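Here's a quick walk through a protein fold, starting from one residue and working outwards. Have a look at the sequence and the model first.

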Amino acid sequence: MPYLYCTDCAKKHRERFAAKTKESWEGEAALVVKGKLTSGPWLCDSCNKGLNRGRDSAYLVQYLSPGATTDLQYYDFAYERRYFKPSVKNVELFGWDREDFLHDWTENIKAAEYAEEEDEDE
Ligand SMILES: [Zn+2]
């Protein structure tokens, strides 16, 4: 299960992630997705601040276990879509140096969002 954080708490986590050395990740990674909430209301998993649909941006942090790297290409952003569909703003990956996946994911998310927006117009 991923964790949902308000922007303040997410900032602390992202700073901590960025400061970690490759060795200290021990093969794990953290996928951090920012978006504007399209479901809710939810609570920040760290400080319990209320997070409101349609108004607040939030971050979803999913920890990836060592070995999951082979499954990266099949990661479908199901959780992220549940919270942010169709308004994912940014995708970051800490711990693994996989710019190739980051690029593909960002492109795929944007393409999927565009398709969903078109569906809503019908
Ligand atoms: Zn918080």
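Let's start with Ala58. Not counting neighbours within four places in sequence, Ala58 is in contact with Leu4, Tyr5, Cys6, Gly35, Leu37, Leu51 and Tyr83. Keep in mind that this is a predicted model.

Ala58 also turns up in the largest nonpolar core, a set of 26 residues in which Tyr5, Ala58 and Tyr59 have the most contacts. Which elements feed that core? At least two residues each come from S1, H1, S2, S5, H3, S6 and helix H4 (99–121). As a general backdrop, nonpolar side chains in soluble globular proteins tend to be buried together.

Now for the sheet. Four strands make up an open sheet, ordered S1-S5-S2-S6, and the pairing is antiparallel. Strand S1 (3–5) and strand S6 (88–94) sit at the edges with a single partner strand each, so one side of each has no neighbour in the sheet. On average, and ignoring direction, neighbouring strands here are turned by 20° against each other.

Zooming in on the pairings, S1 and strand S5 (residues 57–64) are joined in the antiparallel sense over 3 bridges, while S2 and S5 pair, also antiparallel, over 8 bridges. Some of the residues that face each other are listed here:

| Residue | Opposite it in S5 |
|---|---|
| Leu4 | Leu60 |
| Tyr5 | Tyr59 |
| Lys34 | Tyr59 |

Tyr59 is worth a second look: Tyr59 is the bridge partner of Tyr5, and Tyr59 is the bridge partner of Lys34 too. Tyr59 is also one of the residues with the most contacts inside the core.

What lies across the sheet strands? Helix H1 (residues 7–19) lies across S1, strand S2 (29–36), S5 and S6, and runs at about 35° to S5.

Further along S5 you get to Tyr63. Is Tyr63 buried or exposed? Neither, quite: Tyr63 counts as partly exposed, because 14 other C-beta atoms lie within 10 Å, and being buried would take 20 or more. Leaving out neighbours within four places in sequence, Tyr63 is in contact with Glu28 and Ala30. Tyr63 and Leu93 are 30 residues apart along the chain, and their C-alpha atoms are separated by 9.8 Å.

Over in helix H3 (residues 78–84) there's Arg81. Arg81 has 19 C-beta neighbours inside 10 Å, so Arg81 counts as partly exposed. The cut-off for buried is 20 or more. Arg81 and Ile109 are 28 residues apart in sequence, with 9.3 Å between them in space, C-alpha to C-alpha.

Finally, the whole chain. The protein chain has 4 helices and 6 strands, and from the N terminus on the elements run β-α-α-β-β-β-β-α-β-α. How many of the residues are buried? Of the 122 residues in the protein chain, 24% count as buried. As for contacts with a separation of 6 or more, 69% of them are accounted for by residues 24 or more positions apart.

Terms used. Residues numbered from 1 in each chain as written. Predicted model: local features only at pLDDT ≥ 70, side-chain atom pairs only at ≥ 80, totals over all residues. Pairing = 2+ DSSP bridges. Axes fitted to C-alpha atoms, helices over the stretch in contact; angles between N-to-C directions. Contact = placed C-beta atoms within 7 Å. Buried ≥ 20, exposed ≤ 12 C-beta atoms within 10 Å, placed from the backbone. Core = buried A, V, L, I, M, F, W, Y, C linked by C-beta atoms within 7 Å.
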